[in-house]
Amino acid sequence: MIPLRDVIPSRTTPYCTIALIAINVLVYLFEMGLDESSLNAFTLYFGLVPAAFSWVAVLTSMFVHGGLLHVGGNMLFLWTFGDNVEDRMGHGRFVVFYLLCGAAAALAQTATSPESVVPMVGASGAVAGVMGAYFVLYPRSRIVTLVFLFIFVQVLEIPAIVFLGLWFVLQFISGVGSIAAATGGEPAGGIAFWAHVAGFVAGASGVIVFKRPERERVEWWNDVQ
């Protein structure tokens, strides 16, 4: 399932969501200009290597991606869910919330494979936090989704609570599977499922602190029009 958009229009301009997307895209464009050796060095330096943990890398790793589909998918999800979450938090709070969710995701993934020397990169943990916040704030919303059913492709409106709930369950099951694979001796690497799970949980719980209560009132939104 690929989200195309949600059905709730932004009430304010999502400056921070746009800025985060722009930064991620610009960093990826810079990566594209590097040769293979330089790209590997760049990823190793700015990615988060659990075996050589660095708090600076926790931050920088959120803005490095491993390919076009990687950055494209993360930014599509951020655009779909970020504007409305930013609406309810305000710009500054949203950025802090985003970075904290990304940090929680990175720490969780590090805890599952502390000896790994494979760099972790990508915004997916932070974006998962935004999705968790959306799950709490807009459970009755609907997500316009591109659904692949074998050879058929269809656009459907799926309730947000179903779309996000199913996404979370799939990440959790995959995370359990990754632990089982690691126990069986398979090398660490691939998709950081526990970062997704932890980011989502951090977002769903942290939104209670970061949301602005006055923005729940209809009167406030009428004032900003």
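Begin by selecting helix H6 together with helix H8 (helices being DSSP runs, H or I, of at least four residues, numbered from the N terminus): Ser-124, Gly-125, Ala-128, Gly-129, Met-131, Gly-132, Ala-133, Phe-135, Val-136 and Leu-137 in H6 meet Ala-195, His-196, Gly-199, Phe-200, Gly-203, Ala-204 and Val-207 in H8, where contact means heavy atoms within 4.5 Å. These residues comprise 10 nonpolar, 7 polar and no charged, with Gly counted among the polar ones.

The model is a predicted one, in which local features need pLDDT of at least 70 and side-chain atom pairs count only at pLDDT 80 or more, while totals for chains, interfaces and linings use all residues. Residues are numbered from 1 along each chain as its sequence is written, and side-chain values use heavy atoms, with hydrogens and water left out.

Next, view the two helices along their lengths. The axes of H6 and H8, lines fitted to C-alpha atoms over the stretch in contact, come within 6 Å and cross at roughly 40°. H6 and H8 are therefore oblique to each other, a class outside the ranges under 35, over 145 and 65 to 115 degrees.

Now select Ser-124, which lies in helix H6. At 16% relative accessibility, Ser-124 counts as buried, that is, under 20% relative accessible area with a 1.4 Å probe, protein chains only. Beyond residues up to four places away in sequence, Ser-124 touches Asn-74 and His-196.

Finally, move to Met-131. Outside its neighbours within four places in sequence, Met-131 contacts Phe-77, Phe-81, Leu-164, Trp-167 and Phe-200.

Conventions. Helices (H or I, at least four residues) and strands (E, at least two) are DSSP runs, numbered from the N terminus. Buried means under 20% relative accessible area, exposed over 50%, partly exposed in between (1.4 Å probe, protein chains only). Axes are lines fitted to C-alpha atoms, for helices over the stretch in contact, and angles run from 0 to 180 degrees between N-to-C directions.
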